[in-house]
Structure formats: C-alpha cells, structure tokens
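Please look through the sequence and the structure shown below before reading on. The report after them takes up a few features in turn.

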Amino acid sequence: MNKSTGFEKKHIRGTLVLLILIILLAVSAVLAIGIGSVTISPGRVIEVLFRPVDLSNTDSVIVHNMRLCRVVASMFGGAALALAGLLLQILFNNPIADPYVLGISSGARLFVGLAVLGGVTFGLPTDNSWFLFVGGFIGSMAMMAIILAFAQKIKSVTTLLIVGMMLSYLCSAVVGILTSLSDNDAVADFTRWGMGSFSLMTWDNVRVLAVVCIVFFVLSFLLSKNLNLYLLGESYAKTMGVSTKLLRFLIILFSGVLTAVVTAFAGPVAFVGMSVPHMSRLLLKSEDSRILIPTSLLLGAVFGVVCDLLARTVAAPGELAVGNITSCVGAPLVLFLLLRKNKSGRY
C-alpha cells in the first residue's frame with residue numbers, strides 16, 4: 001500500500017512538473033520573441049504567430065523572419081545539450097559529466113579551427129552558410145568515433161572519462177598552436193564562434209537541428225527502462241538481460257550526435273548539459289529516466305530560451321555570447337546543488 005502511494009505521489013509530482021515546464025516554455029518563448037530593439041506585446045506575438053507571413057507588416061517580419069528562428073533554435077539546442085548531459089551522467093554515474101567531458105565539443109572546435117585558422121575548406125566555399133557546420137560536425141563525429149572505438153576496448157567508464165579528457169587537452173593544444181600562427185582577423189572570427197551563439201541560425205539550420213534532435217529524443221526515451229536498470233548497477237542490469245556494452249555504445253552515440261549538431265551550428269554552449277539534469281532531479285526527487293528525460297528536455301529548452309534572451313538584451317544594443325550566459329547561470333547552480341547533495345546525501 002505504501003509503495004503504491006509513493007509511486008502515485010511521484011507520478012503526480014512528475015505530471016505537475018511537466019505541465020509547469022510546458023507553460024514556462026510557452027511563456028518564455030513568447031516573451032523572447034516579443035523582447036528586442038522593437039518590443040512586441042505578448043498578445044500581438046501570439047496573434048502574428050497564428051497568421052501567415054505578411055511582408056508588408058513590420059511585426060510579422062520581425063517575428064517570422066528574425067526572432068522565431070532563433071527562439072526555436074535555442075529551444076532545441078538547450079533540450080539536446082540537457083539530454084546529452086543526462087545520458088552521460090547516467091553512464092558515468094558522475095554528477096560533473098556533461099556533453100563536453102568526452103572531448104566531443106573539442107573535436108568540433110579543432111576542425112572549425114582548421115577551417116577558420118588553417119584554411120581547410122572541406123570542399124566548400126568559405127562564404128557557404130554550411131561551411132562552419134560541416135567543419136564542426138566532422139570534428140564532433142570524428143572525436144565520437146574515436147571515443148566509441150575506445151569504449152569497445154575499455155571496460156571502465158572512469159578510464160573512458162580520462163581518455164576523453166586527454167583527447168580534449170590534445171585538441172586544445174592543436175587549436176592553441178593554430179591560433180598563435182594565424183592572423184588577427186581569423187583569430188577574431190574563431191573566437192566569436194567559440195563563445196557560442198544562436199544568432200547566426202537560419203531556418204535551413206533549424207530544420208536539420210530539429211529533425212536530428214527529435215529522432216534522438218525519441219530513441220533516448222525508448223532506452224528509459226534499460227537506463228533505470230543500469231542505474232542499479234552494471235551487474236544487476238546484466239542479470240536483467242541488458243547488454244551493457246551495447247547500452248554504453250548507444251549512450252555515447254546519442255549524446256555525441258546531439259552535442260555535435262548543436263555545437264556545429266551554434267558553437268560550444270557550456271554548462272547546459274551539466275546543470276539542467278541536476279535541476280530536473282531536484283524538481284522530481286526521482287532518478288526514473290521515464291520522467292527524467294522529458295523533464296530534462298523541457299527544462300533544457302526553457303534554459304536555452306531564457307539564456308539566449310539574456311544574451312541579446314543584457315548588453316543591448318550589443319550582444320553577449322550565449323555560452324557566457326549559460327556558464328554564469330549554470331556554474332553557480334551546479335556548485336549549489338553539489339554542496340546540497342554533499343550535506344544531505346540527496347538532491
């Protein structure tokens with residue numbers, strides 16, 4: 001009876017959290033679309049969103065052609081990084097694991113560095129809108145392939161974590177060498193990309209981002225049962241019929257692709273993957289992946305939209321890098337949650 005009551009309370013709490021996050025996401029998206037150099041009221045934003053684009057109407061042009069694209073990009077970007085972080089924290093059973101811990105973003109940074117600083121064009125003209133995406137995606141996937149190869153040989157997730165860190169340091173060293181040998185203009189362009197921003201996203205970019213994210217969101221949710229078993233211990237998961245080797249492979253693959261597609265388009269956006277899963281656990285008071293995954297996705301989307309809004313309004317008419325905002329917001333949150341857990345033993 002007590003177990004049943006406990007399950008019902010968790011189910012009710014999880015449902016309420018999801019409903020609140022859906023409302024927060026809708027509100028934050030409408031506000032983000034409306035706030036800028038030209039302010040549009042929330043009611044007007046909603047009205048314009050449900051009408052076709054009218055090029056003769058200023059509000060319609062601003063909403064559909066300028067702000068909506070960026071808001072949608074920040075939603076999917078935040079959600080993807082949050083899910084990638086959650087998956088890696090489950091794999092490593094480590095609260096500081098995030099999408100960049102395996103060096104995947106460092107691979108993207110290296111290949112974009114080769115493109116911007118070293119003149120490697122990947123067969124594309126440098127004025128092509130897909131130029132940086134191709135470089136970043138190739139770098140991320142190449143690093144992920146290396147990590148997956150190590151994962152087939154290494155049984156210890158701790159050792160795999162160290163491998164990722166060493167590869168990250170190696171990539172950073174190569175980028176440092178390229179930077180010291182490049183001219184100031186190239187270094188400035190690379191630095192802007194390296195700070196992370198959704199400002200250059202186009203609808204073509206967003207379509208690719210959305211399709212990749214939705215596919216891997218669904219696939220990750222289908223792993224929920226196996227993830228729950230893995231949390232109880234690798235040996236226990238094996239006795240329940242889970243192929244832990246395959247599960248590790250899929251976690252690295254899913255988190256790698258999600259990180260790669262966001263990093264390639266927007267550059268490195270730090271601390272979303274580390275902080276959002278912690279906040280989700282705090283809200284839910286549960287480790288159940290069936291509810292933790294959708295909660296992390298929604299909270300990551302809200303986090304992405306709010307941080308991007310702050311990035312373009314705090315220093316208006318100038319703009320800050322969204323990666324700086326996510327770090328400023330995420331780092332104190334992670335420190336607070338880790339201290340809270342250290343004192344109480346739980347979130």
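What follows is a report on two helices, a loop, some salt bridges and a nonpolar core.

The structure is a predicted model, and the values given here were computed from it.

**Helix 3**

Helix 3 runs through residues 58–92, and at 1.5 Å a residue its 35 residues should span 51 Å, which agrees with the 50 Å that separates its end C-alpha atoms. The helix nevertheless has a kink of about 45°, and this kink is centred on arginine 67. At the start of helix 3, a side-chain oxygen of asparagine 57 comes to within 3.0 Å of the backbone nitrogen of aspartate 59. After the helix comes asparagine 93, which has a positive phi, near 50°. Helix 3 is mostly covered, since 29 of its 35 residues are buried.

**Helix 13 and its link to helix 3**

Helix 13 has 25 residues, and the distance from its first C-alpha to its last is 35 Å, close to the 36 Å expected at 1.5 Å a residue. This helix is also mostly covered, with 20 of its 25 residues buried.

Which residue forms a salt bridge with aspartate 308? The partner is arginine 70, and the closest N and O atoms of the pair are 2.9 Å apart. Because aspartate 308 lies in helix 13 (residues 289–313) and arginine 70 in helix 3, the pair ties together parts that are 238 residues apart in sequence. Aspartate 308 counts as buried because its relative accessibility is 2%, a value under the 20% limit for that class. Arginine 70, with a relative accessible area of 11%, is buried as well.

**Salt bridges**

A search of the whole structure finds 8 salt bridges, and the table lists some of them with the distance between the closest N and O atoms.

| Residue | Partner | N to O distance |
|---|---|---|
| Arginine 51 | Glutamate 47 | 3.2 Å |
| Aspartate 308 | Arginine 70 | 2.9 Å |
| Glutamate 287 | Arginine 281 | 3.1 Å |

In the pair of glutamate 287 and arginine 281, the glutamate counts as partly exposed at 36% relative accessibility, whereas arginine 281 is buried, with a relative accessible area of 6%. Salt bridges that share partners also join Arg44, Glu47, Arg51 and Asp59 into one network. Within that group, arginine 51 counts as partly exposed at 49% relative accessibility, and glutamate 47 counts as partly exposed at 33%.

**The loop with serine 197**

Serine 197 is found in the loop that lies between helix 7 (184–194) and helix 8 (203–222). The side chain of serine 197 is joined to the side chain of serine 199 by a polar contact of 2.8 Å. If neighbours within four places in sequence are left aside, serine 197 is in contact with Arg70, Phe265, Ala266, Glu319 and Val322. One of these is Arg70, the residue that forms the salt bridge with aspartate 308.

**The nonpolar core**

The largest nonpolar core has 106 residues, and those with the most contacts inside it are Phe92, Leu209, Phe217 and Ile252. Which helix gives the most to this core? That is helix 3, which gives 20 residues. Phenylalanine 217, when residues up to four places away in sequence are not counted, touches Phe76, Ala79, Ala80, Leu83, Leu258 and Leu297.

How values were computed. Residues are numbered from 1 along each chain as its sequence is written. This is a predicted model: local features need pLDDT of at least 70, side-chain atom pairs count only at pLDDT 80 or more; totals for chains, interfaces and linings use all residues. Side-chain values use heavy atoms; hydrogens and water are left out. Helices (H or I, at least four residues) and strands (E, at least two) are DSSP runs, numbered from the N terminus. The expected span of a helix is 1.5 Å times one less than its number of residues. The bend at a residue is the angle between axes fitted to the seven residues ending there and the seven starting there. Buried means under 20% relative accessible area, exposed over 50%, partly exposed in between (1.4 Å probe, protein chains only). A polar contact is a pair of N or O atoms within 3.5 Å; within protein, one must be able to donate a hydrogen and the other to accept it, and residues adjacent in sequence count only if both atoms are side-chain atoms. Contact means heavy atoms within 4.5 Å. A salt bridge is a side-chain nitrogen of Lys or Arg within 4 Å of a carboxyl oxygen of Asp or Glu. A nonpolar core is a set of buried Ala, Val, Leu, Ile, Met, Phe, Trp, Tyr and Cys residues joined through side-chain atoms within 4.5 Å.
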